[in-house]
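Okay, thanks everyone for coming. Let me put the model up on the screen, and then I'll talk you through some of the helix packing and one pocket.

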Amino acid sequence: MSRTRAQKEDKAGPFFLATLVLWFVSVLFEILFHRRSQLLSIVAGCFFYQLANWVVRAFVSRDPLFVNTSVSLLHSTITSSSVIFILANQWLKDGSIGMFEHSQLFGGTWPWAYPALCFSCGYFAYDQWDMLHYGLYSGWIPSILMHHLILLICFTLALYRNVTINYLILTLICELHSIFLHVRKVRRMAGVRDAKSKIVMAEWVLNVVTYIVARAGAHLLITAKLIWDAPKFGKGIELPLALFGMFGMNFLNAFLGIDLFHAFKRERNPQNTNSHHE
(Lines give C-alpha, C1' and ligand atoms only; values in the text may rest on other atoms or scores of the structure.)
Protein backbone atom coordinates (compact mmCIF):
# COMPACT_ATOMS: atom_id res chain seq x y z
CA MET A 1 0.00 0.00 0.00
CA SER A 2 1.24 3.48 -0.82
CA ARG A 3 2.03 6.15 1.76
CA THR A 4 -0.74 8.31 0.23
CA ARG A 5 -3.27 5.56 0.88
CA ALA A 6 -2.07 5.24 4.47
CA GLN A 7 -2.42 8.98 5.03
CA LYS A 8 -5.98 8.94 3.71
CA GLU A 9 -6.89 6.24 6.23
CA ASP A 10 -5.28 8.09 9.18
CA LYS A 11 -8.69 9.22 10.40
CA ALA A 12 -9.69 5.62 11.08
CA GLY A 13 -6.26 4.20 11.83
CA PRO A 14 -5.38 6.12 15.03
CA PHE A 15 -8.68 5.22 16.68
CA PHE A 16 -8.37 1.50 16.01
CA LEU A 17 -4.67 1.54 16.91
CA ALA A 18 -5.48 3.19 20.23
CA THR A 19 -8.14 0.59 21.02
CA LEU A 20 -5.68 -2.19 20.14
CA VAL A 21 -3.04 -0.74 22.48
CA LEU A 22 -5.59 -0.42 25.29
CA TRP A 23 -6.70 -3.99 24.69
CA PHE A 24 -3.12 -5.28 24.87
CA VAL A 25 -2.42 -3.35 28.08
CA SER A 26 -5.59 -4.81 29.58
CA VAL A 27 -4.53 -8.37 28.71
CA LEU A 28 -1.04 -7.86 30.16
CA PHE A 29 -2.56 -6.39 33.32
CA GLU A 30 -4.77 -9.46 33.77
CA ILE A 31 -1.82 -11.81 33.23
CA LEU A 32 0.71 -10.01 35.41
CA PHE A 33 -1.35 -8.54 38.25
CA HIS A 34 -4.31 -10.92 38.44
CA ARG A 35 -2.06 -13.90 37.66
CA ARG A 36 -4.34 -15.20 34.91
CA SER A 37 -1.73 -17.47 33.36
CA GLN A 38 -4.36 -19.20 31.20
CA LEU A 39 -4.59 -15.97 29.20
CA LEU A 40 -1.04 -16.54 27.97
CA SER A 41 -2.65 -18.47 25.13
CA ILE A 42 -3.74 -15.08 23.76
CA VAL A 43 -0.11 -13.94 23.62
CA ALA A 44 0.87 -17.30 22.14
CA GLY A 45 -1.73 -16.80 19.41
CA CYS A 46 -0.36 -13.34 18.61
CA PHE A 47 3.20 -14.64 18.28
CA PHE A 48 2.21 -17.78 16.37
CA TYR A 49 0.38 -15.88 13.63
CA GLN A 50 3.04 -13.18 13.49
CA LEU A 51 5.62 -15.94 13.01
CA ALA A 52 3.48 -17.38 10.21
CA ASN A 53 3.43 -13.89 8.68
CA TRP A 54 7.23 -13.71 8.72
CA VAL A 55 7.54 -17.20 7.18
CA VAL A 56 5.18 -16.39 4.30
CA ARG A 57 6.88 -13.04 3.77
CA ALA A 58 10.34 -14.64 3.71
CA PHE A 59 9.65 -17.71 1.56
CA VAL A 60 6.51 -17.09 -0.53
CA SER A 61 5.71 -13.43 -1.21
CA ARG A 62 6.36 -10.00 0.24
CA ASP A 63 3.04 -8.58 -0.93
CA PRO A 64 1.27 -7.45 2.30
CA LEU A 65 -2.20 -8.43 1.09
CA PHE A 66 -1.08 -11.90 -0.01
CA VAL A 67 0.77 -12.45 3.27
CA ASN A 68 -2.20 -11.26 5.35
CA THR A 69 -4.65 -13.42 3.41
CA SER A 70 -2.43 -16.49 3.67
CA VAL A 71 -2.16 -16.15 7.45
CA SER A 72 -5.92 -15.55 7.65
CA LEU A 73 -6.44 -18.78 5.70
CA LEU A 74 -4.22 -20.58 8.19
CA HIS A 75 -6.25 -19.17 11.11
CA SER A 76 -9.58 -20.11 9.54
CA THR A 77 -8.38 -23.66 8.95
CA ILE A 78 -6.99 -24.09 12.48
CA THR A 79 -9.97 -22.46 14.20
CA SER A 80 -12.72 -24.23 12.26
CA SER A 81 -10.94 -27.55 12.80
CA SER A 82 -10.63 -26.75 16.52
CA VAL A 83 -14.32 -25.89 16.82
CA ILE A 84 -15.37 -29.09 15.03
CA PHE A 85 -13.03 -31.11 17.26
CA ILE A 86 -14.38 -29.47 20.45
CA LEU A 87 -18.01 -30.07 19.44
CA ALA A 88 -17.38 -33.64 18.30
CA ASN A 89 -15.39 -34.43 21.45
CA GLN A 90 -18.15 -33.10 23.68
CA TRP A 91 -20.82 -34.93 21.67
CA LEU A 92 -18.96 -38.26 21.93
CA LYS A 93 -18.20 -37.70 25.60
CA ASP A 94 -21.63 -36.75 26.96
CA GLY A 95 -23.99 -36.98 24.00
CA SER A 96 -26.18 -34.19 22.69
CA ILE A 97 -28.50 -34.10 25.71
CA GLY A 98 -28.03 -30.79 27.50
CA MET A 99 -25.13 -29.79 25.29
CA PHE A 100 -26.88 -26.65 24.08
CA GLU A 101 -28.75 -25.84 27.28
CA HIS A 102 -28.33 -22.33 28.66
CA SER A 103 -26.39 -23.55 31.69
CA GLN A 104 -23.83 -25.22 29.42
CA LEU A 105 -23.54 -22.41 26.91
CA PHE A 106 -23.40 -19.65 29.51
CA GLY A 107 -21.55 -21.04 32.51
CA GLY A 108 -19.94 -24.20 31.22
CA THR A 109 -16.67 -24.65 29.36
CA TRP A 110 -16.18 -27.60 27.04
CA PRO A 111 -12.73 -29.26 27.05
CA TRP A 112 -10.22 -27.21 25.01
CA ALA A 113 -12.74 -24.40 24.49
CA TYR A 114 -10.98 -21.81 26.68
CA PRO A 115 -7.48 -22.12 25.15
CA ALA A 116 -8.98 -22.32 21.64
CA LEU A 117 -10.85 -19.05 22.24
CA CYS A 118 -7.72 -17.42 23.67
CA PHE A 119 -5.60 -18.54 20.72
CA SER A 120 -8.14 -17.23 18.21
CA CYS A 121 -8.35 -13.96 20.14
CA GLY A 122 -4.59 -13.63 19.70
CA TYR A 123 -5.04 -13.97 15.95
CA PHE A 124 -7.59 -11.14 15.77
CA ALA A 125 -5.20 -8.86 17.66
CA TYR A 126 -2.34 -9.81 15.31
CA ASP A 127 -4.53 -9.30 12.24
CA GLN A 128 -5.76 -5.93 13.49
CA TRP A 129 -2.16 -4.80 13.87
CA ASP A 130 -1.11 -6.18 10.48
CA MET A 131 -3.96 -4.41 8.66
CA LEU A 132 -3.25 -1.15 10.47
CA HIS A 133 0.48 -1.42 9.79
CA TYR A 134 0.07 -2.01 6.04
CA GLY A 135 -3.15 -0.06 5.46
CA LEU A 136 -5.13 -3.13 4.40
CA TYR A 137 -8.53 -1.51 4.92
CA SER A 138 -10.70 1.20 3.41
CA GLY A 139 -13.52 3.55 4.31
CA TRP A 140 -14.21 6.01 7.10
CA ILE A 141 -15.32 3.19 9.39
CA PRO A 142 -13.60 0.08 7.99
CA SER A 143 -15.90 -2.91 8.50
CA ILE A 144 -13.03 -5.37 8.93
CA LEU A 145 -11.43 -3.30 11.70
CA MET A 146 -14.82 -2.84 13.36
CA HIS A 147 -15.43 -6.59 13.10
CA HIS A 148 -12.12 -7.34 14.85
CA LEU A 149 -12.74 -4.69 17.52
CA ILE A 150 -16.17 -6.16 18.36
CA LEU A 151 -14.67 -9.64 18.59
CA LEU A 152 -11.76 -8.51 20.78
CA ILE A 153 -14.13 -6.76 23.20
CA CYS A 154 -16.59 -9.67 23.41
CA PHE A 155 -13.93 -12.39 23.54
CA THR A 156 -11.70 -10.83 26.18
CA LEU A 157 -14.52 -9.79 28.50
CA ALA A 158 -15.89 -13.34 28.31
CA LEU A 159 -12.43 -14.76 28.98
CA TYR A 160 -11.91 -12.42 31.94
CA ARG A 161 -15.25 -13.39 33.50
CA ASN A 162 -15.11 -17.03 32.33
CA VAL A 163 -18.68 -16.96 31.00
CA THR A 164 -20.31 -17.58 27.59
CA ILE A 165 -17.16 -19.42 26.45
CA ASN A 166 -19.18 -22.13 24.73
CA TYR A 167 -21.42 -19.54 23.07
CA LEU A 168 -18.37 -17.88 21.55
CA ILE A 169 -16.94 -21.20 20.41
CA LEU A 170 -20.18 -21.72 18.48
CA THR A 171 -19.83 -18.31 16.80
CA LEU A 172 -16.41 -19.35 15.50
CA ILE A 173 -17.95 -22.03 13.28
CA CYS A 174 -18.16 -19.18 10.75
CA GLU A 175 -14.43 -19.66 10.19
CA LEU A 176 -15.42 -22.64 8.05
CA HIS A 177 -16.83 -20.13 5.57
CA SER A 178 -13.82 -17.85 5.99
CA ILE A 179 -11.64 -20.63 4.57
CA PHE A 180 -13.31 -20.24 1.17
CA LEU A 181 -13.27 -16.44 1.36
CA HIS A 182 -9.50 -16.55 1.78
CA VAL A 183 -9.04 -19.31 -0.79
CA ARG A 184 -10.86 -17.12 -3.30
CA LYS A 185 -8.57 -14.17 -2.56
CA VAL A 186 -5.41 -16.25 -2.82
CA ARG A 187 -6.69 -17.89 -6.01
CA ARG A 188 -7.35 -14.53 -7.65
CA MET A 189 -4.00 -13.11 -6.57
CA ALA A 190 -2.39 -16.18 -8.11
CA GLY A 191 -4.09 -15.28 -11.42
CA VAL A 192 -6.67 -18.10 -11.48
CA ARG A 193 -9.79 -16.23 -12.59
CA ASP A 194 -11.60 -18.47 -15.07
CA ALA A 195 -15.12 -18.41 -13.64
CA LYS A 196 -16.16 -21.33 -15.87
CA SER A 197 -13.53 -23.74 -14.60
CA LYS A 198 -14.76 -26.61 -12.42
CA ILE A 199 -12.42 -25.70 -9.58
CA VAL A 200 -13.67 -22.11 -9.42
CA MET A 201 -17.30 -23.20 -9.66
CA ALA A 202 -16.79 -25.77 -6.88
CA GLU A 203 -15.16 -23.07 -4.76
CA TRP A 204 -18.16 -20.78 -5.29
CA VAL A 205 -20.60 -23.54 -4.35
CA LEU A 206 -18.69 -24.21 -1.12
CA ASN A 207 -18.39 -20.46 -0.51
CA VAL A 208 -22.14 -19.91 -0.76
CA VAL A 209 -23.14 -23.06 1.15
CA THR A 210 -20.81 -22.36 4.07
CA TYR A 211 -21.88 -18.70 4.12
CA ILE A 212 -25.52 -19.73 4.50
CA VAL A 213 -24.96 -22.59 6.95
CA ALA A 214 -21.82 -21.77 8.94
CA ARG A 215 -21.96 -17.97 9.00
CA ALA A 216 -25.34 -16.32 8.40
CA GLY A 217 -27.46 -19.27 9.53
CA ALA A 218 -25.35 -20.16 12.55
CA HIS A 219 -25.17 -16.57 13.79
CA LEU A 220 -28.92 -16.06 13.38
CA LEU A 221 -29.58 -19.24 15.37
CA ILE A 222 -27.22 -18.11 18.12
CA THR A 223 -28.96 -14.72 18.23
CA ALA A 224 -32.35 -16.42 18.45
CA LYS A 225 -31.04 -18.65 21.25
CA LEU A 226 -29.84 -15.59 23.18
CA ILE A 227 -33.22 -13.90 22.84
CA TRP A 228 -35.08 -17.10 23.82
CA ASP A 229 -32.91 -17.56 26.92
CA ALA A 230 -32.83 -13.86 27.85
CA PRO A 231 -34.78 -14.36 31.14
CA LYS A 232 -32.13 -16.85 32.29
CA PHE A 233 -29.24 -14.37 32.06
CA GLY A 234 -30.04 -12.27 35.12
CA LYS A 235 -29.10 -8.60 35.44
CA GLY A 236 -25.43 -8.70 34.48
CA ILE A 237 -23.70 -7.21 31.45
CA GLU A 238 -23.43 -10.55 29.66
CA LEU A 239 -26.76 -10.49 27.79
CA PRO A 240 -26.52 -6.86 26.50
CA LEU A 241 -22.92 -7.45 25.44
CA ALA A 242 -23.77 -10.76 23.75
CA LEU A 243 -26.73 -9.25 21.89
CA PHE A 244 -24.64 -6.23 20.88
CA GLY A 245 -21.95 -8.52 19.51
CA MET A 246 -24.36 -10.79 17.65
CA PHE A 247 -26.39 -7.94 16.16
CA GLY A 248 -23.12 -6.41 15.00
CA MET A 249 -22.02 -9.71 13.48
CA ASN A 250 -25.37 -10.22 11.73
CA PHE A 251 -25.17 -6.69 10.34
CA LEU A 252 -21.68 -7.33 8.97
CA ASN A 253 -22.78 -10.74 7.64
CA ALA A 254 -25.55 -9.07 5.63
CA PHE A 255 -23.08 -6.72 3.95
CA LEU A 256 -20.67 -9.59 3.36
CA GLY A 257 -23.47 -11.49 1.60
CA ILE A 258 -24.14 -8.49 -0.63
CA ASP A 259 -20.41 -8.22 -1.42
CA LEU A 260 -20.28 -11.92 -2.30
CA PHE A 261 -23.25 -11.56 -4.62
CA HIS A 262 -21.62 -8.65 -6.49
CA ALA A 263 -18.29 -10.50 -6.62
CA PHE A 264 -19.99 -13.53 -8.15
CA LYS A 265 -21.68 -11.34 -10.78
CA ARG A 266 -18.35 -9.74 -11.68
CA GLU A 267 -16.65 -13.12 -12.07
CA ARG A 268 -19.48 -14.38 -14.25
CA ASN A 269 -19.08 -11.35 -16.55
CA PRO A 270 -15.37 -11.35 -17.54
CA GLN A 271 -15.82 -8.31 -19.79
CA ASN A 272 -16.35 -6.20 -16.69
CA THR A 273 -13.46 -7.51 -14.61
CA ASN A 274 -10.96 -5.05 -15.95
CA SER A 275 -12.98 -2.15 -14.59
CA HIS A 276 -13.37 -3.62 -11.08
CA HIS A 277 -10.88 -4.33 -8.32
CA GLU A 278 -12.04 -6.86 -5.76
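I'll go through three helix pairs, with a stop at a pocket along the way.

Just so we're clear, this is a predicted model.

Let's start with helix 3, residues 40–59, and helix 4, residues 64–94. These two pack at an angle of about 135°, and their axes are 9 Å apart. That angle makes helix 3 oblique to helix 4. As for handedness, helix 3 passes helix 4 in a right-handed crossing.

So who is touching whom? On the helix 3 side you have F48, Y49, A52, N53, V56 and R57. Helix 4 answers with P64, F66, V67, S70, V71, L74, H75 and I78. Sort the residues of that contact by class and you get ten nonpolar, three polar and one charged.

Stay with helix 3 for a moment, since it turns up again in the pocket I mentioned. This is the second largest pocket, with a volume of about 270 Å³. Which elements give two or more residues to its lining? Helix 2 (13–33), helix 3 and helix 6 (113–134). Helix 2 gives the most, with five residues.

If you want to click along, the lining residues are L17, L20, V21, W23, F24, C46, F47, Q50, A125, Y126 and W129. By class, the lining of that pocket has ten nonpolar residues, one polar and no charged ones.

Now on to the C-terminal numbers, with helix 10, residues 198–228, and helix 11, residues 238–268. Here the packing angle is about 160°, with the axes 10 Å apart. That makes helix 10 roughly antiparallel to helix 11. The crossing of this pair is left-handed. The contact of helix 10 with helix 11 has 20 nonpolar, six polar and three charged residues.

Helix 11 has another partner to show you, helix 9, residues 175–189. Helix 9 and helix 11 pack at an angle of about 35°, with their axes 14 Å apart. Their crossing is left-handed.

What does helix 9 bring to this contact? H177, L181, R184, R187 and R188. In helix 11 they meet L256, L260, A263 and E267. How do those residues divide by class? Four nonpolar, one polar and four charged.

To recap the charged residues: the contact of helix 9 with helix 11 has four, the contact of helix 3 with helix 4 has one, and the lining of the second largest pocket has none.

That's my tour, happy to rotate things if anyone wants another look.

Key: Residues are numbered from 1 along each chain as its sequence is written. This is a predicted model: local features need pLDDT of at least 70, side-chain atom pairs count only at pLDDT 80 or more; totals for chains, interfaces and linings use all residues. Side-chain values use heavy atoms; hydrogens and water are left out. Axes are lines fitted to C-alpha atoms, for helices over the stretch in contact, and angles run from 0 to 180 degrees between N-to-C directions. Helices (H or I, at least four residues) and strands (E, at least two) are DSSP runs, numbered from the N terminus. Angles under 35 degrees count as roughly parallel, over 145 as roughly antiparallel, 65 to 115 as roughly perpendicular and the rest as oblique. A crossing is left-handed if the near helix is turned anticlockwise from the far one by less than a right angle, and right-handed if clockwise. Contact means heavy atoms within 4.5 Å. Ala, Val, Leu, Ile, Met, Phe, Trp, Tyr, Cys and Pro count as nonpolar, Asp, Glu, Lys and Arg as charged, and the others, Gly among them, as polar. On a 1 Å grid over the protein atoms alone, a cavity is a set of points where a 1.4 Å probe fits but cannot get out, and a pocket is an open set with protein on both sides within 12 Å along at least five of seven lines; lining residues have an atom within 4 Å of a point. Grid points are joined across faces, edges and corners, and a volume is the space filled by probe spheres set on the points.
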